[in-house]
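Could you walk me through how the strands and helices of this protein fit together? A few questions and answers would be a great help.

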Amino acid sequence: MSDVLIEVKNVKKYYRKGKKTLKALDQVNIEVWDNEILGVVGESGCGKSTLGRCMMNLIQPTEGTITLNGKDIFTLSKTELKEIRKKIQMVFQNPFSSFNPKYTIRKNLSMVARFYGMNSAETSRRLEELLEVISLDKSVLGRMPTELSGGQLQRLAIARALISRPEIIIADEPVSALDVSVQAQILNLLLDLKSNYHQTMVFISHDLPVVEHICDRVVVMYLGSVMEMGTVDDLFSNTAHPYTMALLAAKPRENPDVVKEEAQLQGDVPNALNMPSGCKFHTRCPRAKEGLCDCEVPALKEIAQGHVAACHLV
Ligand SMILES: Nc1ncnc2c1ncn2[C@@H]1O[C@H](COP(=O)(O)OP(=O)(O)OP(=O)(O)O)[C@@H](O)[C@H]1O
Ligand SMILES: [Mg+2]
């Protein structure tokens, strides 16, 4: 097995809403392996960004632990925290709001480099290196963010994330705000980072074809829980969970025969403040069995090596 960089163990993130509790993450267990692109998919509100923010130590879980190279990221001294910030970086969905519009790109990026302790010569060298990595001309450094396209800005957001030579980049829907024509370029850049620079990534997305294209393994989440997890090959060709089948059925695919007709996703995601009993997916599941799926929470079961699913009927 590959080296584990991040381990998310029994993580819960709860929010109080009046007298009720919203379980944004509900007992999540995930590993991020060295030099992989781990996809996290699921419908809106299933907890993808919450998971990313917890891994970044931007928010603290209600319960559970997250370790980077075996070290708990929530029990660190100030100095250790700064080190962790170097090692885990994030790229967000909207590149237009990720730069200060009052400053040039050079100033935007230099401020980050300074924060990580680089002097001005080191900063200039690093920015030059990174412009080559992201295939943009040096002249962009003198431009204002408002003068650049979404694709150029997202490349620069990726460069900014790379300044500190992070071990992991968490990319939260990094292409969903971009034109389709530009999306492929950004995805190819991420794939290059993995193969040429040994970059490990967590790729959060609701777009399954994109996930299939660039990820090595995938975690499928529903209402704060992991429903299925495995390699892209396993998950897309030996799909085990009815929820994953339903997600796949909802997307245009090269080989539609793989997904059974019964798998069409029905109805809306239930209110997160009123979670269904038993299997959270049973209210929309075409296979749900009364007396079982509505009563008992299914545990994650290993159905093949490294491929797990939380379904009573698998
Ligand atoms: N700070 C917060 N306070 C209260 N509830 C929150 C907070 N942050 C997230 N939530 C709730 O937690 C759940 C998970 O939210 P999250 O943003 O992680 O979902 P997501 O999978 O990233 O969705 P999307 O695909 O829309 O980005 C949602 O029900 C959301 O409303
Ligand atoms: Mg999100």
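Here are some questions and answers about the sheet and the helices around it, based on a predicted model.

Q: In what order do the 8 strands of the open sheet lie?
A: Happy to start there! The pairing in this sheet is mixed. Neighbouring strands are turned by 20° against each other on average, ignoring direction. Reading across the sheet, the order is β6-β7-β8-β3-β9-β10-β12-β11.

Q: Why is one side of β6 and of β11 left without a neighbour in the sheet?
A: β6 covers residues 88-91 and β11 covers 301-304. Both stand at the edges of the sheet, so the reason is that each has a single partner strand.

Q: Which residue of β8 is the bridge partner of Val40?
A: Strands β3 (residues 37-41) and β8 (residues 200-205) pair in the parallel sense, with 5 bridges. Within this pairing, Ile37 has Met201 as its bridge partner. For Val40, the partner in β8 is Ile204.

Q: Are the residues of β8 that point either way buried or exposed?
A: Thr200, Val202 and Ile204 point one way, while Met201, Phe203 and Ser205 point the other way. A residue counts as buried under 20% relative accessible area. By that cut-off, 6 of the 6 residues in β8 are buried.

Q: What is the handedness of the β-α-β unit made by β7, helix α6 and β8?
A: β7 and β8 run parallel and are joined by 5 bridges, with Ile170 pairing with Val202 of β8. Helix α6 (residues 180-197) belongs to the unit with these two strands, and the unit is right-handed.

Methods. Residues are numbered from 1 along each chain as its sequence is written. Chains are lettered from A and ligands numbered from 1 in the order in which they are written. This is a predicted model: local features need pLDDT of at least 70, side-chain atom pairs count only at pLDDT 80 or more; totals for chains, interfaces and linings use all residues. Side-chain values use heavy atoms; hydrogens and water are left out. Two strands pair if DSSP finds at least two bridges between them. Helices (H or I, at least four residues) and strands (E, at least two) are DSSP runs, numbered from the N terminus. Axes are lines fitted to C-alpha atoms, for helices over the stretch in contact, and angles run from 0 to 180 degrees between N-to-C directions. Buried means under 20% relative accessible area, exposed over 50%, partly exposed in between (1.4 Å probe, protein chains only). A crossover is right-handed if, with the strands pointing away from the viewer, the path from the first strand over the helix to the second runs clockwise.
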